[in-house]
Amino acid sequence: MSCGTTEIATQLYRGAVDRATDRRTDAGWLANAWPTARVLIVQGDRALVAGDPPHLVYVSAADAPPGDRLFLGVGADGVPCFAVAAALPELPGARSHSLRTVGHLLGDEDADLFTTAVALANWHAAHRYDPATGAPTELGEAGWTRVTAAGGTLWPRTDPAMIVLVHDGVAGPDGRCLLAHKPEWPTERYSCLAGYVEPGESVEAAVAREVTEEVGVTVHGVRYLTSQPWPFPRSLMLAYTALADPSAPVVVDGVEIERARWFRRAEFGTESGPALPFTTSVAYLLIDRWLHERS
């Protein structure tokens, strides 16, 4: 198994926002920053957007609803950015959208802020209490920690997960990739295989294990490409490609994977081809890259 370099940019986080980590413990600076801040309201994985192409709708600090103030960073214009988890208000010209469906359409700064806000809000919602004692916890470091009653610190969790595009290494229209369908998806949707990294396991080993468990196929030539935050609720997707023999039997587990099959490049975009995952996802980027680099 070998690791390559990062070759594709992910859609949800693009490094456009200064996270200003040194300000998270500066109570004076944060207090002065709040009145001039732009505030993103998030509800679950949704926020308000407007326009076409879409952009996020922010409110002023004065118009922000009550709730924990999560410091997201400083925009390119020097304006501090915060998030508050609350019910989305009704604003003229604004509509509610999920990060999954609109993230790839947003500008770099909006995508970064939306992704970070959803990730932090999800973590705080699940960590109101100390897992060791059950006592309530409090917000710390402007939303980047929670503090226990005993003064301990809880840090945001990110769960590593792998996602892999398995293909046969053949160039041109006859090259094939192996995609899978989950029972809960629309009938024609197929995507890459994915799963969580287990304790004590490398990501490359998780790639091989998950593919074998879910579709009964042995892979080789595992190659890292890129990563993508996937805050649903708190994953980091580590994206790989791998090679496999398309003549080997495909045996789905029947639980996580309902069916799986090899698709030729020539099938994509035709009636016999698969419906692809959300364009926001790194799965879409893996498939799209494979379709174009060897066509």
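User: How much area do domain 1 and domain 2 bury between them?

Analyst: Here's the general idea: the size of an interface is often given as the accessible area lost when the parts come together. In this predicted model, domain 1 and domain 2 bury about 880 Å² between them. Carbon and sulfur atoms account for 68% of that area.

User: Okay, and which stretches of the chain are domain 1 and domain 2?

Analyst: The domain assignment gives 21-154 as domain 1 and 159-292 as domain 2. Taken over C-alpha atoms, their centres are 32 Å apart. The contact takes 11 residues from domain 1 and 8 residues from domain 2.

User: Which residues in domain 1 lose the most area to domain 2?

Analyst: Look for Arg 100, His 104 and Asn 122. Together they make up 56% of what the domain 1 side buries. Then check which elements give two or more residues to that side: helix 2 (99-102) and helix 3 (108-126).

User: How many salt bridges and polar contacts should I look for there?

Analyst: For salt bridges between domain 1 and domain 2, the count is 0. Polar contacts are another matter: 4 residue pairs across the interface meet the rule, both residues being at pLDDT 80 or more.

User: Let's move to strands. Which ones pair with strand 12?

Analyst: Strand 11 (residues 159-167) pairs with strand 12 in the antiparallel sense, over 2 bridges. One bridge to find is His 167 with its partner Cys 177 in strand 12. Strand 16 (residues 259-264) also pairs with strand 12 in the antiparallel sense, here over 6 bridges. For an example, go to Leu 179, whose bridge partner in strand 16 is Arg 261.

User: Why is strand 12 described as largely enclosed?

Analyst: Count its buried residues, taking buried as under 20% relative accessible area. Strand 12 covers residues 176-181, and 5 of the 6 are buried, so the rest of the structure largely encloses it.

User: Can we try a single residue? Where is Arg 23, and what is its relative accessible area?

Analyst: Arg 23 lies in the segment before helix 1 (27-33). Its relative accessible area is 28%. The partly exposed class runs between the 20% and 50% cut-offs, so Arg 23 counts as partly exposed.

User: What is Arg 23 in contact with, leaving aside its neighbours within four places in sequence?

Analyst: Arg 23 is in contact with Trp 29, Leu 30 and Phe 71. You can also compare sequence and space using Glu 138: Arg 23 and Glu 138 are 115 residues apart in sequence and 18 Å apart in space, C-alpha to C-alpha.

How values were computed. Residues numbered from 1 in each chain as written. Predicted model: local features only at pLDDT ≥ 70, side-chain atom pairs only at ≥ 80, totals over all residues. Heavy atoms only, no water. Buried < 20%, exposed > 50% of the residue type's maximum accessible area, 1.4 Å probe, protein only. Helix = DSSP H or I, 4+ residues; strand = E, 2+ residues; numbered from the N terminus. Pairing = 2+ DSSP bridges. Domains from an automatic or database assignment. Contact = heavy atoms within 4.5 Å. Buried area = accessible area lost by both parts, 1.4 Å probe. Salt bridge = Lys/Arg side-chain N within 4 Å of Asp/Glu carboxyl O. Polar contact = N/O pair within 3.5 Å; in protein donor to acceptor, adjacent residues only side chain to side chain.
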